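Let's take a relaxed walk through a protein model. Have a look at the picture first, then read on.

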Amino acid sequence: MPKRKREQTIEDVSDEGLEEKLSKKLTNGEDIGKSKHKNPLPSASELRAINEAATLFKNNLFKTQLCSLVQSVSLKGKHIPNVEKIIHSLYPFLTSLPAISPIHPLDAVHSLSVFGSGKKKFATPVAIPYPVPQPTRSMAWKVAFKAPIKLNVVGSWPTKVMFKRPEKNRFIVDLTIEMPSSLFQEKDYRNSRFFYKRAFYLACIAAALYHSDFSFDVQYEFPEENPRLTNVLLFLKSVSGKDDLSRLNVAIRIMPVAADDIPIPRTRLAPSQANIRVTDENLEDKVVDNFSTPIYNSTLGRVSSLSSRSILLESHYVVENVPSAREGLALIRVWANQRGYGSGSYTSPTSASESDIHRSQYCVRGFENLGSWWMCLLNVLVFGEEPSVHSSRKKSRPSMGMGLSSYQLFRGTLGFLAKHDWEKDPIFMRVVGTGLIIDALEWMNTGGPVFVDPTGLVNMLANVPISSLQLLARDAAATLHALDKNDDPYTVFMTDIREPQTRFDCTIRINLAQIRHKLPRLSVDFPTVRHFLINQLLSTVKRALGSRAKAIVALHSRSNPRPITSPTLLEIEWITLGIIYDPVNALSLIDHGPPVEAPESEQNAFRAFWGPKADLRRFKDGRIVYSCVWDDNIVRVEDRESIPAQIVLYILNLKFDLVAPDDAVVINGDYLNVITPPPRGSVKGRGECVFTDAIKAYEKFSKGLKALEEDGGLTLSLVVSKPCSSLLRYMSVLPPSPIVSPSTLSDSEDSLILHPSTSYLPAFKVIVQLERSSQWPDDIHAIHRVKMALLEEMARGFLKKNRNCRARVVIPRELDRGESRSIVEHNAALEVIIDGWAFHAYIWHNREATLLKDISKVATRPGFTPAPAYERSRAQKLLQNYDRLFLQSPAHHSALLALHHKYPSLSTTIRLVKRWLGSHWVSTRIREEAIELLCASVYISNAYDVPATSRNGFMRVVDFLSTWDGILYVKLFEEARDSETQAQVEINNGDAKSMQIQAGQGSWRIATLEDPSGTVWCESITPLVSMRIQMLAKELIKALSSYTPFTFKSLFVHPTGDYDFLLHLNTDVVTRYWEGIHSSPSTWTTGYTNFDLQFNRIDTIRVEFNPAEALCRDMQDVYADVIEFFYDVYGGTSVGGVWKPDLLASKQWKVHLGYSSLPVPDNKNVQNNKSKNKDLVTLNKDAIMSEIRRMGEGIIKSISYRNS
């Protein structure tokens, strides 16, 4: 009876009219939670919560994840009273400091001794952080100090919208101290006089705090190395006892600001005002002239009490009126920090060192000191802009609602950032109080992005390059695309993408200290010369690359606090340019300029910018235009990836005199060297390594098959031939190279002998489909014999038509794995060697699959007699081979070839990944098709942000492998369908979660539409192999994160310390040795005049045969339960072996133990010997190694033991 009630409850809940009933009860205000059932229906409040989770968030799980994220990055409430207690204690101390009479700036450092209490002494005096240029004796004005009149806590602390930054960064409490107006004069806006006086005032505060009884470590802070914005940072020292507050992870930032009644006229802060009039020997023009200083003026307005207070009031207004503002801002800040739009991380001054610098400290130029801007942006998006400034705008920008959820605020902000044009559309916050309204056109004339604060005087983006905002827009658009497509949106917030190597297509490290040239007068508007140079670098490189690049940004490490005794400013010395290419235009060989009939001014401008590279050229269509051709060192197609970097290096040399190789370095610019074949002619007996020649050879072979039908050489007509080889889809590690026939050699080279280490010849796999016929037998064994007869007929036809052709029926060695005779016959192929190329052709007959399925069936119906168990097992193996060879391989080849044409860098990325996995000795344990699917998934899943270079693609694949769980669904075949069909496929099949992917328990499962189980290409990848690949990927990413210089080739050097033994091979029998990344050309250039390997002997050419690889695979089959072998199939000369850990301990002897064993000599000394009457045995390593030495006789040169 209770069971029946439970069933009725389920029926009631699943009733179609339930939703209507619940809505009526909610309308009438009834409590629907009261029910007679044991499991009552949700209450009204619960239903509202469920509805909000579905409408305001993607789902309830995502809402829970976001709530947990916000809590984890917020300051714990229990720490707030302790921090506020420290802040309150600073007020009486700072407001009671003694005054210092006016004194010349150069003599002011001696006056700081007035703050000494005798308890602490400086080893060196406190340095005054004067801005550049340093004050001179000719200056007539003086500096002075009086106690501050007011202290205000500003920034994120009062509104409690402060959040953790990456790498355990400290919370920062911003404290402004208002400097008395009597210290300043009306003319202090000129030539940095205000900043000189502010610097002295700041030094007085620092000296006083140092000599105080507070447990502070006093440091100077230079945001973005800007001396005009120098602040004091107070780090809490560790003290003994209960009063130790250093664990609060909080630092206090003290910022001197101008009071509201400062005598400087506010109109002088307008962007068009000229507030710097200086002459300098380093400037191009020594004549004093007026020119606007918008950056200087905005900085002057930024260090005012009015600006900081107005931003605080606007932030408070947002928090009070938008319930989810704190959570929404937390999501925005977490997202921004994960992409480098933050200040990096502060390291404790006592432990700061060069080793603390890592990739997380890379921040995008302009965002290091821009924390308050995010709340101001949210204020504008919710409450709108200043209407009086944009009165001419036809349509006002729509605002976001105040009742939106945190996730909706986040999406709305990203949507604005993705579409806003900062170059043409300035933004003005609503002016509060006595704010000044300046015309929008005056702001636009500054030439940069504009975001004016509530005072109307400060452009918060004055120091932000427009290129940084363009990258921000690109990241915002990519995130929105990922949120719409990704099944796990939480990864948008948790994935750290700050590593430049995986983020940008090209990264160039530039030494700013090596730039030597005259500066224009405009440079004095910038805080330092280095700031101006960075701005000029970005604008020059942007002009040089033009449409080749989608984003160009400057990256630099965060500015570390420095001791208050530091006498000089440590300016930015190195920056890194990060460039994201446009795949459509980036690899163009020619930059077109103005035509010859263009105005002379345009022609002169083009020649002046490009220098000697600009030249007049006539093109095939008759046009005569100025052009720049970038064909230096461009030999292969993949070499064109270096063209944008080549342009940047050229323009840096031309415009900034960066001549030395170390002045501007393309990071890992030599990445193509690892897949570069030996130079033409360096390997005797082999032709040039070119993919296009292989494609032409296949076309010739395909025509030869067709010709057999026309000449009556085929019993059945040829329907189609399908290639299925990585060599024919541009994805082999090295381009294929033919064996050079003696007929193509000169007379002096007729006796040229092919060295054994270069005798390997890969075969192009081809699937041949013949016409249907009722004459085919209905027995699987008979079908195999008919196929062999047809292959023999084809071989005779080729031999008849081509005198220099070699044709025979073979069993390819990679398929003949010691199986039964029927399986071997199933893999028979026609081997044709023509013009130095080899082909393996297989005949496909669709009836085979049906027969094999019938044999592999068990008894499922009366009267059906199943085949014996061994026959079913053999049929299942045949069916797997059939599916892989005849169905999966051609489909895989066609889909990958289409992707190659869609994403030009994909094929080179695959080649790099194959080389990397091969160099780390796992290439024998993973099929190349699985590698290709992995690389393709990186391109397909990131369709909005596809890597434009193979280096970037390689780095992304490795980064993906470092965190991958082994389960993946690749929409490979959907890419080749039209939009309607693709949409239907997505509806019918969905994503990876709806596919039949079985848990691999550590193994790989890469599923596609054609392979729902994900096992076709991954059956040989064990948990040990997958774990090894993941560890290698993590170590590579760790190496990228450090500042340790390295070459790209060093990433392909395999450590061998963790192997138990190494088998060193004889290079003369490694037929693929010449393909090795560390091979020595001297091996195959040695003359073998008496070596009997002539081209006219078929044994000379090793078609798909490498004795070293065959030995490794045989050993893995024989000792699969005892040893794991690892080998580089691309010319490796050593095999690594690792004993299975569970076999190293002694075990109880039994029959059919499974491996060679040895009795333990003394059972009494063996641990865990519970029964003395039982014999214990251990692994007989010596016997196994003797067997291996016997198996590898003639191949293994020596054996070395590492961990015995």
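## Two helices that cross

We'll start with a pair of helices in this predicted model. Helix α25 (residues 928-941) and helix α26 (residues 950-963) have axes that come within 10 Å and cross at roughly 105°. That angle falls between 65 and 115 degrees, so α25 and α26 count as roughly perpendicular to each other.

Which residues make the contact? On the α25 side they are Leu934, Cys935, Val938 and Tyr939, and on the α26 side they are Gly953, Arg956, Val957, Phe960 and Leu961. If you sort the residues of this contact by type, you get seven nonpolar, one polar and one charged.

## A buried arginine just before α25

Now step back a little along the chain. Arg925 sits in the loop between α24 (906-919) and α25. Is Arg925 buried or exposed? Its relative accessibility is 7%, and buried means under 20%, so Arg925 counts as buried.

What does Arg925 touch, once you leave out residues up to four places away in sequence? There's a whole list: Ser1020, Ile1021, Thr1022, Val1025, Gln1116, Glu1124, Phe1125 and Phe1126.

## A five-stranded sheet with a helix across it

Next up is an open sheet of five strands, with mixed pairing and the order β19-β21-β24-β23-β22. At the edges you'll find β19 (718-723) and β22 (806-810), each of which pairs on one side only. From one strand to the next, the twist averages 25°.

Zoom in on strand β23 (residues 829-834) and strand β24 (residues 837-844): they run antiparallel and are joined by five bridges. Here Glu831 stands opposite His840 in β24. Helix α20 (residues 780-801) lies across β21 (763-770), β22, β23 and β24, and it runs at about 170° to β22.

## A strand covered on both faces

Strand β6 (residues 231-236) is a nice one to look at, as it is mostly covered: six of its six residues are buried. Which residues are on each face of β6? Asn231, Leu233 and Phe235 are on one side, with Val232, Leu234 and Leu236 on the other, and all of them are buried.

β6 also has pairing partners. Strand β5 (residues 216-221) pairs with β6 in the antiparallel sense over six bridges, and Asp217 stands opposite Phe235 in β6. Strand β7 (residues 250-258) pairs with β6 in the antiparallel sense too, over four bridges. Within that pairing, Val232 has Ile254 in β7 as its bridge partner.

## A three-stranded sheet

Further along the chain there's an open sheet of three strands, in the order β31-β33-β32 and with antiparallel pairing. Its edge strands are β31 (1147-1148) and β32 (1157-1159), each pairing on one side only.

How many bridges join β31 to strand β33 (residues 1176-1179)? There are two, and these strands run antiparallel. Look for Gln1148, which stands opposite Leu1176 in β33.

## Far in sequence, but what about in space?

Helix α13 (residues 466-485) contains Lys485. With a relative accessible area of 60%, Lys485 is exposed, because exposed means over 50%. Now compare two kinds of distance: Lys485 and Asn942 are 457 residues apart in sequence, while their C-alpha atoms are 9.8 Å apart in space.

You can ask about sequence distance for the whole protein as well. Among contacts between residues at least 6 apart in sequence, 75% join residues at least 24 apart.

## Cysteines and the overall tally

How many disulfides does a search of the whole structure find? The result is zero. Two cysteines you can look up are Cys506 and Cys805. Cys506 has a relative accessibility of 5% and therefore counts as buried. Cys805, at 4% relative accessibility, counts as buried too.

To finish, here's the big picture. The protein has 31 helices and 34 strands. It has 1204 residues, and buried residues make up 52% of them.

Note on methods
Residues are numbered from 1 along each chain as its sequence is written. This is a predicted model: local features need pLDDT of at least 70, side-chain atom pairs count only at pLDDT 80 or more; totals for chains, interfaces and linings use all residues. Side-chain values use heavy atoms; hydrogens and water are left out. Axes are lines fitted to C-alpha atoms, for helices over the stretch in contact, and angles run from 0 to 180 degrees between N-to-C directions. Angles under 35 degrees count as roughly parallel, over 145 as roughly antiparallel, 65 to 115 as roughly perpendicular and the rest as oblique. Contact means heavy atoms within 4.5 Å. Ala, Val, Leu, Ile, Met, Phe, Trp, Tyr, Cys and Pro count as nonpolar, Asp, Glu, Lys and Arg as charged, and the others, Gly among them, as polar. A disulfide is a pair of cysteine sulfur atoms within 2.5 Å. Buried means under 20% relative accessible area, exposed over 50%, partly exposed in between (1.4 Å probe, protein chains only). Two strands pair if DSSP finds at least two bridges between them.
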